Amino acid sequence: MDNIRLTKQQIDFFATNGYLVVENLISSEEIDLYKALYDDFLSGKIAVGASRSDLGENLGTNEKVENITQIMWPSDFRPELLEMSYHKRALEISRQLMGDDLDMDFDMLINKSPFTNTITPWHQDEAYWLNVPDKRAASCWLSLDHATLDSGCMWFVPGSNLQDVRPHTFAAKKGGALMCIASEEEGVAVELKPGSCTFHHGRTLHYSRGNSTAGQRRAFIVNFRPGEMIRYERENGFDHGRQNAGDRQLKNDEFAG
Ligand SMILES: O=C(O)CCC(=O)C(=O)O
């Protein structure tokens, strides 16, 4: 596949709305490859220890499966991912959106298993992150399945990237998912076919409904920010839960003042 060149209209749309849909980021052959790898993570064939946790713990009511499976840093366990098409194309697009100094900060898998019916609460990613001086950051959310309203596609609040970070709290338990007050009335839902993706800014309000379907809702997420800010994070001991995924922190109280 050729490199994707965004139009000025797409770049402006992202700057104004805080999100962007990019269709067909990877081909159908590539989707099959990524699905096979993803399933090896889900089944435990690729062991990840404490990099795996339940983002929906105490939010959903599932006991036999994770309410929402979150695996941080899959590329630590399969470094070849870094050289594969998804990471490369997503990096290229993030640079077109926000500048040539962007690099990959971290990657993660978030899956909603069939009938787990657990929402990802409304939040802004910045609430989880160290308050870095340069706020440019984009997450690419690649869907390996049909992401629909019922399986838990992403919702975004257009323009929230240009507003403040709302007050966040832990939704159900300390170390679990964060939440803030927002509603579907403010948002737009983005259904995606397999191989398509969205990019969202670190400040964009987003959420997803639970998966009430019989299929998986596999999302592969890669986050990008200026290389200088990645260094700043690491120097300050912040690595996005690389080996302790279940210890999420509320960082947005640092935004006051
Ligand atoms: O997959 C989801 O439901 C949430 C994803 C998310 O919060 C993110 O990619 O920042």
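Trainee: How far does a polar side-chain atom of Ser208 lie from an oxygen atom of the ligand?
Mentor: The distance is 2.7 Å. A polar contact is a pair of N or O atoms within 3.5 Å.

Trainee: What sort of model is this?
Mentor: It is a predicted model, in which local features need pLDDT of at least 70 and side-chain atom pairs count only at pLDDT 80 or more, while totals for chains, interfaces and linings use all residues. Residues are numbered from 1 along each chain as its sequence is written, and side-chain values use heavy atoms, with hydrogens and water left out.

Trainee: Back to the ligand. What about Arg217 and Trp141?
Mentor: An N or O atom in the Arg217 side chain is 2.9 Å from a ligand oxygen atom. For Trp141, a polar side-chain atom lies 3.0 Å from an oxygen atom of the ligand.

Trainee: How much of the ligand's accessible area does the protein cover?
Mentor: 97% of the 290 Å² that the ligand has on its own, by the Shrake-Rupley method with a 1.4 Å probe.

Trainee: Which residues are around the ligand?
Mentor: Among them are Ile110, Lys112, His123, Asp125, His200 and His206. A residue is listed if one of its heavy atoms lies within 4 Å of the ligand.

Trainee: Now the sheet. What is the strand order?
Mentor: The 7 strands of this open sheet run E1-E11-E6-E13-E4-E3-E2, with antiparallel pairing. The edge strands, E1 (19–22) and E2 (52–54), each pair on one side only. Strands are DSSP runs of E with at least two residues, helices are H or I runs of at least four, and both are numbered from the N terminus. Two strands pair if DSSP finds at least two bridges between them.

Trainee: How many bridges join E2 to E3?
Mentor: There are 3, and Ser53 has Gln70 in E3 as its bridge partner. E3 also pairs with E4 over 4 bridges, where Gln70 stands opposite Ile110.

Trainee: Are the E3 residues Thr69, Gln70, Ile71 and Met72 buried or exposed?
Mentor: They are all buried, meaning under 20% relative accessible area; exposed is over 50%, with partly exposed in between (1.4 Å probe, protein chains only). Thr69 and Ile71 point one way, Gln70 and Met72 the other.

Trainee: Why two directions?
Mentor: Because side chains in a regular strand alternate between the two faces of the sheet.

Trainee: Which strands does helix H2 touch?
Mentor: H2 (residues 28–43) touches E2, E3, E4 and E13, contact being heavy atoms within 4.5 Å. The direction of H2 makes about 95 degrees with that of E13, on a scale from 0 to 180 degrees between N-to-C directions of axes fitted to C-alpha atoms, for helices over the stretch in contact.

Methods
A polar contact is a pair of N or O atoms within 3.5 Å; within protein, one must be able to donate a hydrogen and the other to accept it, and residues adjacent in sequence count only if both atoms are side-chain atoms.
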